[in-house]
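Please find below a colleague's note on this structure, set out as numbered points.

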Amino acid sequence: IQTAPIAITGDPVLYQKAAPVTVFDDSLERLSQTLMATMLQAKGVGIAAPQIGVSQRLFIVASRPNERYPDAPLMEPMVMVNPALLSGSSEWESSEEGCLSVPGKRLSIARHRWVEAKWQDLQGNAYSGRLDGFIARIFQHELDHLDGITLLERVT
Ligand SMILES: O=C(O)C[C@@H](Cc1ccccc1)[C@H](O)SCc1ccccc1
Ligand SMILES: [Zn+2]
């Protein structure tokens, strides 16, 4: 399975608002496979389509324990299509984040402690639910990518 180069700071694709996914066909499936392979190769816990130059609203959330977040849950990587934030907790929490598109930077970012989110899977089935902890943080980080926002525009 192919991997793709990761766009880094300065690449215009990172600053565009990505377009909703409307066709749930096997090219979407192939895109998600390329996204997954690229994230795994880069040892990420998430990745958004614009980071491989595709301005479409889908990303992957793949929390796993890591040195910075040792108690992060280990989860099956989740492909989220047309994700949206329905509501966020009034409590915010700041924590250091990295970004595959902002190499070498670790910045403290404030995020909702939990979020109510909705999304679709690769077949177009709709889901909604509450995400919290590190998974909520990854979701918010990746959703920013779909709206053309990187860490550098978020730093508090
Ligand atoms: O650039 C990305 O979207 C991948 C981000 C995901 C992330 C979201 C929230 C908090 C930290 C990272 C990472 O750069 S993936 C690399 C990584 C892995 C484990 C912990 C921190 C950073
Ligand atoms: Zn990022």
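1. In this predicted model, helix H2 and helix H3 (151-154) each supply at least two residues of the lining of the largest cavity. The greatest contribution to that lining comes from H2, with three residues. The cavity is lined by Cys-99, Arg-111, His-141, Asp-144, His-145, Ile-149, Thr-150, Leu-151 and Arg-154. By class, the lining divides into three nonpolar, three polar and three charged residues. The volume of the largest cavity is about 40 Å³, and the count of cavities of 30 Å³ or more comes to one.

2. The zinc ion (ligand 2) deserves separate comment. Its donors are Cys-99 through SG, His-141 through NE2 and His-145 through NE2, at 2.0 to 2.3 Å. Along the sequence, these donor residues follow the spacing C-x41-H-x3-H. Cys-99 lies in the loop between E4 and E5, whereas His-145 belongs to helix H2, so the pair ties together parts that are 46 residues apart in sequence. Cys-99, His-141 and His-145 also appear in the lining of the largest cavity.

3. Are the donors Cys-99 and His-145 buried or exposed? With a cut-off of under 20% relative accessible area for burial, Cys-99 counts as buried at 8%. His-145 is likewise buried, with a relative accessible area of 1%.

4. Helix H2 (133-146) has 14 residues and spans 21 Å from its first C-alpha to its last, close to the 20 Å expected at 1.5 Å a residue. Because 13 of its 14 residues are buried, H2 is largely enclosed by the rest of the structure. Gly-148 follows the helix and has a positive phi, near 75°.

5. The largest pocket holds about 450 Å³ of space. It is lined by 25 residues, of which Gly-44, Val-45, Gly-98, Cys-99 and Arg-106 are the closest to its centre. Strand E4 (92-97) and helix H2 are the elements that give two or more residues to this lining. H2 gives the most, with five residues. The lining of the largest pocket comprises eight nonpolar, seven polar and ten charged residues. The zinc donor Cys-99 is thus named among the residues closest to the centre of this pocket.

6. The second largest pocket has a volume of about 180 Å³. Ten residues line it, and those closest to its centre are Trp-92, Arg-111, Gln-140, Asp-144 and Arg-154. At least two residues of the lining come from each of strand E5 (107-112) and H2. The lining consists of four nonpolar, three polar and three charged residues. Arg-111, Asp-144 and Arg-154, listed here, are also found in the lining of the largest cavity.

7. Which residues does Leu-107 touch, apart from those up to four places away in sequence? Its contacts are Ser-95, Glu-96, Glu-97, Leu-151, Leu-152 and Val-155. Leu-107 lies in strand E5 and counts as buried, at 17% relative accessibility. The C-alpha atoms of Leu-107 and Glu-96 are separated by 5.1 Å, although the two residues are eleven apart along the chain. Leu-151, one of the contacts of Leu-107, also lines the largest cavity.

Notes. Residues are numbered from 1 along each chain as its sequence is written. Chains are lettered from A and ligands numbered from 1 in the order in which they are written. This is a predicted model: local features need pLDDT of at least 70, side-chain atom pairs count only at pLDDT 80 or more; totals for chains, interfaces and linings use all residues. Side-chain values use heavy atoms; hydrogens and water are left out. On a 1 Å grid over the protein atoms alone, a cavity is a set of points where a 1.4 Å probe fits but cannot get out, and a pocket is an open set with protein on both sides within 12 Å along at least five of seven lines; lining residues have an atom within 4 Å of a point. Grid points are joined across faces, edges and corners, and a volume is the space filled by probe spheres set on the points. Helices (H or I, at least four residues) and strands (E, at least two) are DSSP runs, numbered from the N terminus. Ala, Val, Leu, Ile, Met, Phe, Trp, Tyr, Cys and Pro count as nonpolar, Asp, Glu, Lys and Arg as charged, and the others, Gly among them, as polar. The expected span of a helix is 1.5 Å times one less than its number of residues. Buried means under 20% relative accessible area, exposed over 50%, partly exposed in between (1.4 Å probe, protein chains only). Donors are N, O and S atoms within 2.8 Å of the metal (3.2 Å for Na, K and Ca); water is not among the atoms, so sites may look incomplete. Contact means heavy atoms within 4.5 Å.
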